[in-house]
Amino acid sequence: MPATQAAPSAAHLAPYISFETPACVRRVLGSGEEKIKVKGFDDLMVFRARCCSPIRGEKIVGYVTRGKGVSVHSATCPNVVNLLYDPERRIEVEWDKSDAVARYTVKLTMEVEDRKGLLAAVSAKIAGINTNIKNMEARTGEDKNARIDVTIEISDLKHLEKVIKSLRGVEGVLGVERAGRAG
Ligand SMILES: [Zn+2]
């Protein structure tokens, strides 16, 4: 795709943008990546930044990388602060409003009371709201509490919030956090 197809408003970004898809980027593209649109461009590579792996429904910010397309971060990602050092490479991105069901893998870390049956209760709760569990691990912490790491498949932010909310309602669950995120 020649760079001349870029919208005039985004023309200053042209030197940073490669319209060829590098193989290394193509490989990381999954079903979720095409759900992001870059304003002013039809045919631009986008990928979800690994530091925060934003999911549909979350507020997102795009950043034009050299030769690798646009990395998309959650607006709450700590790395977004660093992007301000080079503000002209920021680009507006938005979730595509297509009906296609997206699947995102999200890891949750839970602090729980160390007692029997809790792992079963947690997995039953997750299954009860039609959510796939890809992996689940429990370990005893340094204090009296235990930790459960659970990796689930969710379709968007609403779905994730629903899962987190119901897990917080399980007796013995003291806290639920999305791994790699503050709060
Ligand atoms: Zn990020």
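**Two open sheets and two nonpolar cores in a predicted model**

Strand S4 is mostly covered, with six of its six residues buried. This description concerns a predicted model, in which the protein comprises four helices and ten strands. Along the sequence, these elements succeed one another in the pattern α-β-β-β-β-α-β-β-β-α-β-β-α-β. Of the 183 residues of the protein, 26% count as buried. Among contacts with a separation of 6 or more, 65% are accounted for by residues 24 or more positions apart.

S4 belongs to an open sheet of four strands, arranged in the order S2-S4-S3-S5 with mixed pairing. Strand S2 (46-48) and strand S5 (90-91) occupy the edges of this sheet; each has a single partner strand, so one side of each is left without a neighbour in the sheet. The partner of S2 is S4 (residues 69-74), and the two pair in the parallel sense over three bridges. Within this pairing, Val46 has Val70 of S4 as its bridge partner.

The pairing of S4 with strand S3 (residues 60-65) is antiparallel and involves six bridges. Here Thr65 stands opposite Gly69 in S4. S3 and S4 form a hairpin with three residues between the strands, and in this hairpin Gly67 adopts a positive phi near 80 degrees.

Residues of this region also contribute to the largest nonpolar core, which has 18 residues; Val38, Leu44, Val46, Val70, Val72 and Val93 are those with the most contacts inside it. Two or more residues are given to this core by each of strand S1 (36-38), S3, S4 and strand S6 (93-95). The largest share, four residues, comes from S3. The surroundings of Val38 can be described further: when neighbours within four places in sequence are left aside, Val38 is in contact with Leu44, Val46, Gly62, Val70, Ile91 and Val93. A second, separate core has 17 residues, including Ile55, Val106, Leu108 and Ile154.

The other sheet described here is likewise open and consists of four strands, in the order S8-S9-S7-S10, but its pairing is antiparallel. Its edges are formed by strand S8 (132-140) and strand S10 (173-178); each of these has a single partner strand, so one side of each is left without a neighbour in the sheet. From one strand to the next, the twist averages 20 degrees.

At one edge of this sheet, S8 is joined to strand S9 (residues 145-154) by eight bridges, and the two strands run antiparallel. In this pairing Glu137 stands opposite Asp149 in S9. Helix H4 (residues 157-168) lies across strand S7 (104-113), S9 and S10, and runs at about 160 degrees to S10.

How values were computed: Residues are numbered from 1 along each chain as its sequence is written. This is a predicted model: local features need pLDDT of at least 70, side-chain atom pairs count only at pLDDT 80 or more; totals for chains, interfaces and linings use all residues. Two strands pair if DSSP finds at least two bridges between them. A residue is buried if 20 or more other C-beta atoms lie within 10 Å of its own, exposed if 12 or fewer, and partly exposed in between; C-beta atoms are placed from the backbone. Axes are lines fitted to C-alpha atoms, for helices over the stretch in contact, and angles run from 0 to 180 degrees between N-to-C directions. Two residues are in contact if their C-beta atoms, placed from the backbone, lie within 7 Å. A nonpolar core is a set of buried Ala, Val, Leu, Ile, Met, Phe, Trp, Tyr and Cys residues joined through C-beta atoms within 7 Å.
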